[in-house]
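Open your viewer and get ready to click around. We'll go stop by stop, and at each one I'll tell you what to select.

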Amino acid sequence: MELSGLQVFKYLPAAKRLPEGNCKKCGFPTCMAFALKLAKNQTEIELCSYAPEELKEIFEQGMKKPQKEVLLGHKHKVLIGGENVLFRHDKTFVNKTAIAVVLDVSQVGWDEKFKRITEFEITRINETFKVDLVYLKGDVQPELTQKLDDLGFAYIFKDDLKDVMQIEDENIFETIQTLTKIRKKAVLEKDENYSNPVTVYFRHDENTLKLMSRAAFCLCKYTNLIIFEDFNEALISTLITLRQNIYTDPQKPLQVESTVYEFNNADENSLIFLTTNFALTYFAVSNEIESLNKPAYIVVTPSDGMSVLTAWSAEKFTAQIVAKTVNQFELAKKVKNKQIIIPGLLGHMQEEIEEALPEFEILVGPNEAYLLGDFVKGLTVFKNEVAK
Amino acid sequence: MKKNLLYLWIKLKMTEVIKVNQPIREINFEGLKIGGENDFLGSKPVFALELNIFDFSASSHIVKDYFNPQGNQLLPAETINLISVAQETPCDILALKFNIPEEDLEKNIAEAKKLLKTLLPHIKKPLLIRGVNNKSVDIKLLPELMEVLDREVIIAFATENTYKEIVPAVIKGGHILAIRTPIDINLAKEMNILTSDMGLSLDKILIDTDMGGLGYGLEYGYSIMERIKLAAFEGDRMLNMPLIAFAGEEALKVKEAKSDTFSKSFGDFKERSIMFEITTASAVIAAGANLIVLEHPQSIEAIRSEWESKR
Ligand code: B12
Ligand code: SF4
């Protein structure tokens, strides 16, 4: 609801100086008090029998949900729909586009496909993803559904999609036009004929690259459920990556706490790495550190959830902030090896940081986190240890 | 009367009606139409294929596989060959990135100039020329390269820090200029005003919002593109230039597209790398990008055949 209390008040009897004004029948002392509560959705318009039709209409319209939510699945369920906006920056998208793969038991090799679908699992920025739904076709035996239940997978049959608007993609251009029209009708007009979530069905396509492009368009522009006949790991993992981007809440960048994180039984011989508290940045780095299998600390600066260079530009990653963070956690006491590795992109800060942290030597790491493995192998501390 | 107006205003606010009425400027460039749409996905995206022409070895593994499967050291004479292969692919524009190192700047600029001169007669497709996105290089390199040009090209790109040096040469040569701002709608607008004050025609500007690659900040660029488009459709004449997106470069520098140390669920490395480029590109097209610069010919082919089938 976008009406302010004052705007609501203007419709009520007291504002129009009508005799019923401030009659208290609604249970509030004045029309204004009622208006203020109403604007916050803390009371109901029906309580005032003098409210004009016009205002009632506005409220009815406002109460309507643009898009319905639908729960799919049997034992395990996936929620789709419920979107309120056309653009993610307007607010945020809510329920991630679900990704379903068809498993047709009448086809040869379905058991192999079953294995691949159920084994699929990726982790990005600390979130783990699997295929959301298995779309079962053919003469499905209870053993199969039982197995899916046990493995924690949601599944659907054709009939489960009755509350979902279905589009079969023939031409991506037309598909997107239809999807856009549906979402506009739902969000801008709250037209109930278009309020069901929408699914796009992709038939088998030899050309996985084209399929990738079509699916990416559909994910950005208004599909609540994407169903693939094909199963391709690269395609699904790439699409999930896109989904993670598009469905991030634009109002709050994912952050981690600014503190010192320990890895692989960090001890006094640990390597020390420095980065910002942007979740994307932190996990890019921590994933690498974890797989180094070497004791390590990551010092995370309080940088308002900004990437390395963004934080630097916004002066949220200064030598002072770095020094403060390192000192606050008394790192100098914890380690013998007094070297701190900073992101390669901030190599120009080496001297500044050394000045601010005289106890430490500052090493400039690589520009990309995934090159950390090779970088660490080249470090003398590491070499010494191997020699031991 | 007053009451009606208020009612209308409230209704407007409530339903967030989007007045999609003003079209994006249409740039006519060597027979290509860039922009001109009055709704998202309303005009055909234009594709440029970008080559690291000065130092091809800096290219992504999938690009090397395509153009130089043997992995030979390319001799300067062979760059002509590279260009002819590139021109056979279904790109609209050939983009040449003069990725010269910062050391020995004078010498390298002279070499880049010589290279461009040699290549020009062999270039049949519309051309985009690109610097290295380093202030001290671009302010010298780009104006020098423009001296050699014998046709209208797209120059990429000027920034807040380089436009003063670059814009005069662009105006003199009658070129089109991509202007990059760091994911900031106000700065984008400001730069369009500043450069047009210097005499650059508003019909010769491409907005480069800058962007991150898929999985690494893509959503920020994505949303700025959408916001710029919405402002343009609503009539902002300082933001209604077509959008250019260097989607290939950003996509191919992320870990998933560069490293094959991922688990098998991430899929085949080569396929995934191309898919990262395709997906980044498709997303920015959905967000309103008009000219998309990519590095792998198959990416362009995969996306564009979809649009071709319609119009
Ligand atoms: C998305 C983005 C934004 C988003 C913010 C995203 C965020 N939460 O941080 C928004 C739109 C808000 C933004 C704002 C700004 N931005 Co910005 N932004 C970007 C963009 C496109 C991507 C950044 C990103 O998310 N990268 C992904 C993360 C994971 O990368 P990363 O943190 O660097 O981490 C990697 C490496 O550094 C390394 N690493 C990280 N930590 C460590 C640690 C060690 C020890 C090692 C070895 C390695 C390592 O591993 C990671 C993965 O490889 C970049 C350009 C680009 N394409 O990269 C510009 C960019 C960072 N922004 C820039 C600028 C200038 C700004 C603004 C100042 C613009 C302005 N005038 O308003 C503002 C500043 C913010 C403010 N005042 O509020 C510039 C910085 C220029 C510079 N310093 O050289 C860039 C480079 C764009 C450019 N070319 O001009 N930005
Ligand atoms: S019932 Fe209606 S008119 Fe009476 S006080 Fe409440 S809001 Fe005002």
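Where in chain A is the place of N171(A)? Select N171(A) and you land in the loop between β8 (165–168) and α6 (172–188) of chain A. Keep in mind as you look around that this is a predicted model. Is N171(A) buried or exposed? Its relative accessibility is 11%, and buried means under 20%, so N171(A) counts as buried. Now add F173(A) to your selection: the side chain of N171(A) reaches the backbone nitrogen of F173(A) at 2.9 Å.

**Next stop: the ligand**

Select ligand 1, which lies between chains A and B. Around ligand 1 there are 37 residues, and the ones that come nearest are T275(A), T281(A), G305(A), S307(A) and V308(A). Try showing a few distances here:

- From T275(A), an N or O atom in the side chain is 2.7 Å from a nitrogen atom of ligand 1.
- From S307(A), a polar backbone atom is 2.6 Å from an oxygen atom of ligand 1.
- From the other chain, D210(B) has a polar side-chain atom 3.5 Å from a nitrogen atom of ligand 1.

Which elements give two or more residues to the shell around ligand 1? They are β12 (271–276), α9 (279–292), α10 (308–313) and β14, which belong to chain A. Color α10(A) if you like, since α10(A) gives the most to the shell, with 5 residues. If you color the shell by residue kind instead, you get 23 nonpolar, 10 polar and 4 charged residues.

**Out to the surface**

Now select L309(A), W312(A) and L345(A) together. These three form a nonpolar patch on the surface, and together they have about 250 Å² of accessible area. Zoom in on L345(A), in the loop between β14 (339–342) and α13 (350–356) of chain A. L345(A) is partly exposed, with a relative accessible area of 36%.

**Hunting salt bridges**

How many salt bridges are there over all chains? The count comes to 38, so let's visit some of them.

Start with K96(A) and E127(A), a salt bridge whose closest N and O atoms are 3.5 Å apart. K96(A) is in the loop between β2 (77–81) and β3 (98–104) of chain A, while E127(A) is in strand β5 (residues 127–129), so this pair ties together parts that are 31 residues apart in sequence. Both partners are partly exposed: K96(A) has a relative accessible area of 33%, and E127(A) has 28%.

Then pick E256(B) and R124(A), where the closest N and O atoms are 3.1 Å apart. Here E256(B) belongs to helix α10 (residues 255–258) of chain B and R124(A) to strand β4 (residues 122–124) of chain A, so the salt bridge joins two chains. Both E256(B) and R124(A) are buried.

Stay in chain B and select K229(B) with E37(B), which meet in a salt bridge at 2.7 Å, N to O. K229(B) lies in helix α8 (residues 218–233) and E37(B) in the loop between β2 (32–35) and β3 (46–52), so the pair ties together parts that are 192 residues apart in sequence. These two are buried as well.

For a final group, select E50(B), K97(B), R130(B) and E249(B): salt bridges link them in a network.

**Last click**

Finish at V293(B), in strand β10 (residues 291–294) of chain B. V293(B) is buried, with a relative accessible area of 1%.

How values were computed:
Residues numbered from 1 in each chain as written. Chains lettered and ligands numbered in written order. Predicted model: local features only at pLDDT ≥ 70, side-chain atom pairs only at ≥ 80, totals over all residues. Heavy atoms only, no water. Patch = residues over 30% accessible without salt bridge, like charges linked within 9 Å, V, L, I, M, F, W, Y side chains within 5 Å. Areas by Shrake-Rupley, 256 points an atom, 1.4 Å probe, with all protein chains shown as cover. Salt bridge = Lys/Arg side-chain N within 4 Å of Asp/Glu carboxyl O. Helix = DSSP H or I, 4+ residues; strand = E, 2+ residues; numbered from the N terminus. Buried < 20%, exposed > 50% of the residue type's maximum accessible area, 1.4 Å probe, protein only. Near = heavy atom within 4 Å. Polar contact = N/O pair within 3.5 Å; in protein donor to acceptor, adjacent residues only side chain to side chain. Nonpolar A, V, L, I, M, F, W, Y, C, P; charged D, E, K, R; others polar.
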